[in-house]
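Biologist: I would like a close look at a single part of this structure, with its surroundings added step by step. Please keep the account plain enough for a first-year student.

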Amino acid sequence: MAKSQTSVGSEEPSSSRPWESYHTVYTNAKAGMEGVDKQKVQRVVYEMSKGSKYFENEEKKDAYMKQKIENMRAQYSKLTPQDISHHQKMADKRILELEATRDLSRIWLHVDMDAFYAAVETLCNPSLKGKPVAVGSMSMISTASYEARKFGVRAAMPGFIARKLCPELLFVPVDFQKYTHYSNLTRKVFQNYDLNFLAASLDEAYLDITSVCKERGITSGEVAEELRQSVHLETGLTCSAGVAPNRLLAKVCSDINKPDGQFVLPNDRSAIMTFISSLPIRKIGGIGKVTERILKDVFGITTCEDLLQKSSFICALFSRSSADFFLSVGLGLGGTDTPQYKMRKSISNERTFSATADEALLFQKLVDLSEMLSADMIKEGLFGRTLTLKLKTASFEVRTRAVTLPSYICSSEEILKHASKLLKAEFPVSLRLMGLRMSHFSDDKNGIPADPTQKTLSDFILSGDVSGGKMSDYRPLVSDFCDNTFSVDLNSYPTYSAETSCDLRDSSMENQTSDSTFSCTILGNINEEVNGTVVPQSSEPRAKVHEPTNTDHKMKFEKIDSYTGQLEACPRDNWQNGFSCVDEEAGSISDQKQFFVWVDDYKCSICGIELPPSFTEERQEHSDFHLAERLQGEESGHNLRSFVPQQRAAQKGHTGSSGRLKKKQKSSPTTSKYVPIDAFFVKTNQNF
């Protein structure tokens, strides 16, 4: 049974019609495009894109999708009748559980403005009325009027392709300030029907009109009609509405009678199942062209009803969450409760433009983005610490660069200062998109920002101990078997990170690398005492320590004075798991000094973050962090657990060459002005 299905969607296009294999198709799923010649659009897009960077990127994505589809087909064909029967039982059980959650007591209305940006421009310039209009540029279109959609022109389409499809197309530049003004006018109307309405974007929102219908004794259709008229009177714009028992269906319904129309789906299960049975899966929010292609080419699924009929295969080949979503769509289920308010986790903006390598122009784009981001943050009273720069190159490679700052900021000057560093590190580069995102807000800590006067362990390490002493007066030594452990407070330093993706899906896909070895440069000087006992520099007499024996020499550390230059590095896993201070086979110190490095003088060998040589302070702080992280791993890792019992045994029962018992070395704050760092962590570890 399963094997007979593997040929679904496997037909190869004719060699004389290569565009049929080109899957970057602007489908007719968008309202106003029902009568568009899909084959013509596909051919024009192929011919206009062939040989471009965009085309190359689409070929990469298509190759990835083909491989993914082939892999799923292979898994599909391996399903035995027993497997299918097992997964069918699981699917039936899950369908019953999902059906039990159906709620028909609420009435949701989804309102969607008609070609919002284009409609606003037409309202402000009546001469555009009745003409094909595209808001955007030759590089990219944000919105197309319904007159333009008849030619196959739509949002997210390059303008030069749109002009080929519609030679009479008129371009209007984007004006977000104008669109925001009209959006605020529509939201004033929405508040009259639901104070807690959910704004999905500038031009659409979800309203729970259950109480309005009950209180006023009118039907949901009458509420939708009244709301649309109110929006038109307030703004001069038209909108469409959809009414249904849940938000998922309400959004689908608002698209049925566009523009300037409405559709009401009754709160009845049989009506819902009838409605959903013939509904194309692409009409569902959350199912885009990639998911649609997988479901169609692997399983032959084209309608929502097919999702239930192929439920056993869906449960077999998809994750639990994905399977639940598909089954819920097949049942016509969606959100019905009013979502609880959640604290914003990030705020961002981005802009697409013609590909350019002009540094002055790119910096001006960054200035504009910084000002917009700052204005948005000030409007919402937000202060953030983590700034992320998003870039899309001319070859459609997506990169993100981030920095975590020592304090919370919101001013455009501060944002621009750190964003500029991130951008400079990428030059020379040709870009077509740039964006900024701020996250890690102060409200993440219950609205209480970090206390700038609060001392951190990193302050102790850099400036002195808690008693006010300086580190120059204190000799950092090591214990008998392992380096001392201390961790650096990440809140005290800008921490840079980087991520590069190849944009092989609708969203970017991360390139994951796992380098095993690197050549490294020692970035600091470390002093270690040969005998391994931590003793502060003081004029007071030291406690006497036994003379080391041959056995002791096996466990003794090699003294490190000041290392610079290139040394052979260790596998990356060792950094994560902690290091053994003693050679496992010989019981002596390994001669290889395994430390942090900058690969090609640019990339961190530990975490992959990229920092150019000009970031001198940041690079030093980053290396200090990894050193502390390594020492922390040794203190709490496997090595400590394996060596400490031996150390204690040696202290209690080992006798030196003189036959005397080894005298324990005590580190007490009362015996010296300074507190040894190992004493601090011995006390700290007792809490765990």
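Modeller: What follows starts from one strand and then moves to the places around it and elsewhere in the chain. The model is predicted.

The part to look at is strand β6, which covers residues 204-208. How many of its residues are buried? The count is 5 of 5, so the strand is mostly covered, given that buried means under 20% relative accessible area. In a regular strand the side chains alternate between the two faces of the sheet. In β6, Glu204, Tyr206 and Asp208 point one way, while Ala205 and Leu207 point the other way. Residues on both sides of β6 are buried.

Next come the partners of this strand. Strand β1, residues 108-113, pairs with β6 in the antiparallel sense, over 5 bridges. One position shows how this pairing is laid out: aspartate 112 has glutamate 204 of β6 as its bridge partner. Strand β5, residues 198-201, also pairs with β6 in the antiparallel sense, here over 3 bridges. In this pairing, tyrosine 206 of β6 is the bridge partner of leucine 198. β5 and β6 make up a hairpin, and 2 residues lie between them.

From β1 the account can go in two directions. The loop between β1 and α4 (116-124) contains alanine 115. Alanine 115 has a phi near 40 degrees, which is a positive value in a residue other than glycine. Is alanine 115 buried or exposed? Its relative accessibility is 9%, and therefore alanine 115 counts as buried.

The other direction starts from aspartate 112, the residue already met as a bridge partner of glutamate 204. The C-alpha atom of aspartate 112 is separated by 9.4 Å from that of aspartate 260, although the two residues are 148 residues apart along the chain. Aspartate 260 sits in the loop between α10 (247-254) and β8 (262-264). Aspartate 260 counts as partly exposed because its relative accessibility is 44%. Proline 259 is in the loop between α10 and β8 as well. The peptide bond that joins lysine 258 and proline 259 is cis, with omega about -10 degrees.

A cis peptide bond also runs from phenylalanine 427 to proline 428, and its omega is near -5 degrees. Proline 428 is placed in the loop between α17 and β12 (431-441). Strand β12 holds histidine 440. Phi of histidine 440 is near 60 degrees, again a positive value in a residue other than glycine. With a relative accessibility of 25%, histidine 440 counts as partly exposed.

Helix α17 leads to a last feature, on the surface. Which residues form the negative surface patch? They are Asp368, Glu371, Glu413 and Glu414. Helices α16 (359-380) and α17 (412-424) each supply at least two residues of this patch. Glutamate 371 is located in helix α16. Glutamate 371 counts as partly exposed because its relative accessibility is 45%.

To return to the strand at the start: β6 has 5 of its 5 residues buried, and β6 pairs in the antiparallel sense with β1 and with β5.

Terms used
Residues are numbered from 1 along each chain as its sequence is written. This is a predicted model: local features need pLDDT of at least 70, side-chain atom pairs count only at pLDDT 80 or more; totals for chains, interfaces and linings use all residues. Side-chain values use heavy atoms; hydrogens and water are left out. Patches are made of residues with over 30% relative accessible area and no salt bridge: like charges are joined within 9 Å, nonpolar side chains (Val, Leu, Ile, Met, Phe, Trp, Tyr) within 5 Å. Accessible areas come from the Shrake-Rupley method with a 1.4 Å probe; for residues, only the protein chains shown count as cover. A salt bridge is a side-chain nitrogen of Lys or Arg within 4 Å of a carboxyl oxygen of Asp or Glu. Lys and Arg count as positive and Asp and Glu as negative; His and the chain ends are not counted. The place of a charge is taken as NZ of Lys, CZ of Arg, CG of Asp or CD of Glu. Helices (H or I, at least four residues) and strands (E, at least two) are DSSP runs, numbered from the N terminus. Buried means under 20% relative accessible area, exposed over 50%, partly exposed in between (1.4 Å probe, protein chains only). Two strands pair if DSSP finds at least two bridges between them.
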